[in-house]
Amino acid sequence: MPSDLRGRPVDLRVRPITLVDSNVLFDVMTNDPAWGQWSADRITQALDDGRLVINPIVYAQVSIGFGRIEELDDALPASEFEREPLPYEAGFLAGKAYVAYRRRGGSRRSPMPDFYIAAHAAVRGYRLLTRDAKRYLTYFPGVEVIAP
């Protein structure tokens, strides 16, 4: 039986949970000509497959496009995008991924939000819907990444 990063069994008969990255949400919200349709289709498929989840980091990143919290909540209805707190275990894993990134020569000073998003998916055994697969696949190889 497959397991998550802590070795806990993951029952694949359970409908999958997909953590949605902000870049996919931005594609849909801005009707991005290159990625809007792809992202909308993947969100629809993930919702058909199971549940969609966002965390406070994704929520904060997307919030920059809105003047009022009510507008943001209308764009990300909780009935479709469940809100989940960040697990403390994800903080630990994100920190370790950041150290590995820097040791491999990574120069970005603030990739922690991306690492935290992937770590959240990793410790919970969620899929990750994103367009930024390379870093996630490198530092979180156990996460099922849905990406172009």
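This report walks through a five-stranded sheet and the helices that lie on it, in a predicted model.

Residues are numbered from 1 along each chain as its sequence is written. Local features need pLDDT of at least 70, side-chain atom pairs count only at pLDDT 80 or more, totals for chains, interfaces and linings use all residues, and side-chain values use heavy atoms, with hydrogens and water left out.

Let's start with the sheet. It is open, with strand order 3-2-1-4-5 and parallel pairing (two strands pair if DSSP finds at least two bridges between them; strands are DSSP E runs of at least two residues and helices H or I runs of at least four, numbered from the N terminus). Strand 3 (81–83) and strand 5 (145–146) are the edge strands, each pairing on one side only. Strand 3 joins strand 2 (residues 51–54) through three bridges in the parallel sense, and valine 53 stands opposite glutamate 82 of strand 3.

Two helices meet this sheet, as tabulated here; axes are lines fitted to C-alpha atoms, for helices over the stretch in contact, and angles run from 0 to 180 degrees between N-to-C directions.

| Helix | Strands involved | Angle |
|---|---|---|
| Helix 1 (residues 22–29) | lies across strands 1, 2, 3 and 4 | about 75° to strand 1 |
| Helix 6 | touches strands 1 and 4 | about 150° with strand 4 |

Now for helix 6 itself. Its 13 residues (112–124) reach 18 Å from first to last C-alpha, close to the expected 18 Å (1.5 Å times one less than the number of residues). Its buried residues (under 20% relative accessible area, 1.4 Å probe, protein chains only) include Phe115, Ile117 and Val123. The buried residues pack (heavy atoms within 4.5 Å) against partners including helix 3 (56–63), helix 5 (88–103) and helix 7 (133–139). Glycine 125 follows helix 6, with a positive phi near 75°.

Notes:
Buried means under 20% relative accessible area, exposed over 50%, partly exposed in between (1.4 Å probe, protein chains only).
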